[in-house]
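Hi everyone, thanks for letting me take the slot today. I'll walk you through one structure, piece by piece, so get it up on your screens and follow along.

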Amino acid sequence: QVQLVESGGGLVQPGGSLRLSCAASGSTFRLYAMGWHRQAPGKQRELVARITSSGSTKYADSVKGRFPISRDNAKITVYLQMNSLKPEDTAVYYCARYPTGYGGSPAWWGQGTQVTVSS
């Protein structure tokens with residue numbers, strides 16, 4: 001059983017920054033792609049960023065250049081650094097583990113962490 005525990009969400013003003021962390025269980029973390037998705041009220045869950053087992057990344061157009069994703073295999077953790085936050089970034093952010101090293105549909109989800117961007 002894979003467990004994913006997100007942290008780092010909160011309330012931030014427009015233009016501010018937050019760093020989300022996702023601590024995963026399991027010794028095979030390094031073999032799998034990891035990602036962050038988000039869901040705003042009334043909207044579908046969408047991909048924010050994904051990082052493969054080799055470190056290749058993919059981003060939603062709306063966050064390119066603002067939300068770098070990274071992973072630390074020794075700490076079994078994936079991060080999402082969120083910079084220049086906008087009100088439209090407000091959502092519940094979910095960590096995801098994919099079934100392969102390069103992607104596919106997420107196989108496991110964290111419980112989510114709320115990010116609210118408001119003045």
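Let's jump right in at a pair of strands. Strand β5, residues 46-51, is joined to β4 by five bridges, and the two run antiparallel. If you want one spot to click on, take Arg38, which stands opposite Glu46 in β5. The two strands make a hairpin, with six residues between them. Have a look at Gly42 in that turn: its phi is positive, about 75°.

I should say right away that this is a predicted model, so please keep that in mind throughout.

Okay, stay with β4, which covers residues 34-39. What does β4 pair with over six bridges? That's β9, again in the antiparallel sense. Here the click-on spot is Gly35, whose bridge partner in β9 is Ala96.

Is β4 enclosed or open? Five of its six residues are buried, so the strand is largely enclosed by the rest of the structure. A nice example is Trp36, which is found in β4. Trp36 has 0% relative accessibility, and the cut-off for buried is under 20%, so Trp36 counts as buried. While you're there, find Pro106: along the chain it is 70 residues from Trp36, yet their C-alpha atoms are separated by 9.9 Å.

Now let me zoom out for a moment. How many helices and how many strands does the protein have? Zero helices and eleven strands. Reading from the N terminus, then, the elements are simply β after β to the end. The C-alpha trace spans about 40 × 25 × 25 Å along the principal axes. For 119 residues, a compact globule would have a radius of gyration near 14 Å, and the protein has 13 Å, which agrees. Of those 119 residues, buried ones make up 43%.

Next, the disulfide. Searching the whole structure turns up one. Cys22 is joined to Cys95, with 2.1 Å from S to S. The two ends come from distant parts of the chain: Cys22 sits in strand β3, residues 18-24, and Cys95 in strand β9, residues 91-97, which puts them 73 residues apart. The angle about the S-S bond is -80°, and that makes the link left-handed. And are the two cysteines buried or exposed? Both are buried.

On to the aromatic rings. Quick bit of background: we describe a pair of rings by how far apart the centres are and by the angle of the planes. In this model the count comes to one aromatic pair. Tyr94 and Trp109 form that pair, at 6.3 Å centre to centre with 85° between the planes, so planes over 60 degrees apart make it edge-to-face. Tyr94 lies in strand β9 and Trp109 in strand β10, residues 108-109, so the pair ties together parts that are 15 residues apart in sequence. Tyr94 is buried, with a relative accessible area of 14%. Trp109 is partly exposed, at 36%.

Trp109 has another neighbour to show you. Arg45 lies over the face of Trp109, at 4.5 Å from the ring centre. There's also an arginine over a tyrosine: the charged end of Arg97 sits over the ring of Tyr32, 3.6 Å from its centre.

Last stop, a sheet. Four strands make an open sheet in the order β1-β3-β8-β7, with antiparallel pairing. Which strands are at the edges? They are β1 and β7, residues 69-72, and each pairs on one side only. From one strand to the next, the twist averages 20°.

Let's go in from each edge. On one side, β1 and β3 pair over four bridges, and Leu4 has Ala24 in β3 as its bridge partner. On the other side, β7 pairs over four bridges with strand β8, residues 77-82. There, Asp72 stands opposite Thr77 in β8.

One more thing about β1. In a regular strand, side chains alternate between the two faces of the sheet. Now look at β1, residues 4-7: Leu4 and Glu6 are on the covered face, while Val5 and Ser7 are on the uncovered one.

That's my tour, thanks for listening.

Technical notes
Residues are numbered from 1 along each chain as its sequence is written. This is a predicted model: local features need pLDDT of at least 70, side-chain atom pairs count only at pLDDT 80 or more; totals for chains, interfaces and linings use all residues. Side-chain values use heavy atoms; hydrogens and water are left out. A disulfide is a pair of cysteine sulfur atoms within 2.5 Å. Buried means under 20% relative accessible area, exposed over 50%, partly exposed in between (1.4 Å probe, protein chains only). Rings of Phe, Tyr and Trp (its six-membered ring) pair if their centres lie within 6.5 Å; planes under 30 degrees apart count as stacked, over 60 as edge-to-face and the rest as tilted. A charge sits over a ring if NZ of Lys or CZ of Arg is within 6 Å of the ring centre and within 35 degrees of the ring normal. Two strands pair if DSSP finds at least two bridges between them. Axes are lines fitted to C-alpha atoms, for helices over the stretch in contact, and angles run from 0 to 180 degrees between N-to-C directions. The radius of gyration is taken over C-alpha atoms; the globule rule is 2.2 Å times the number of residues to the power 0.38.
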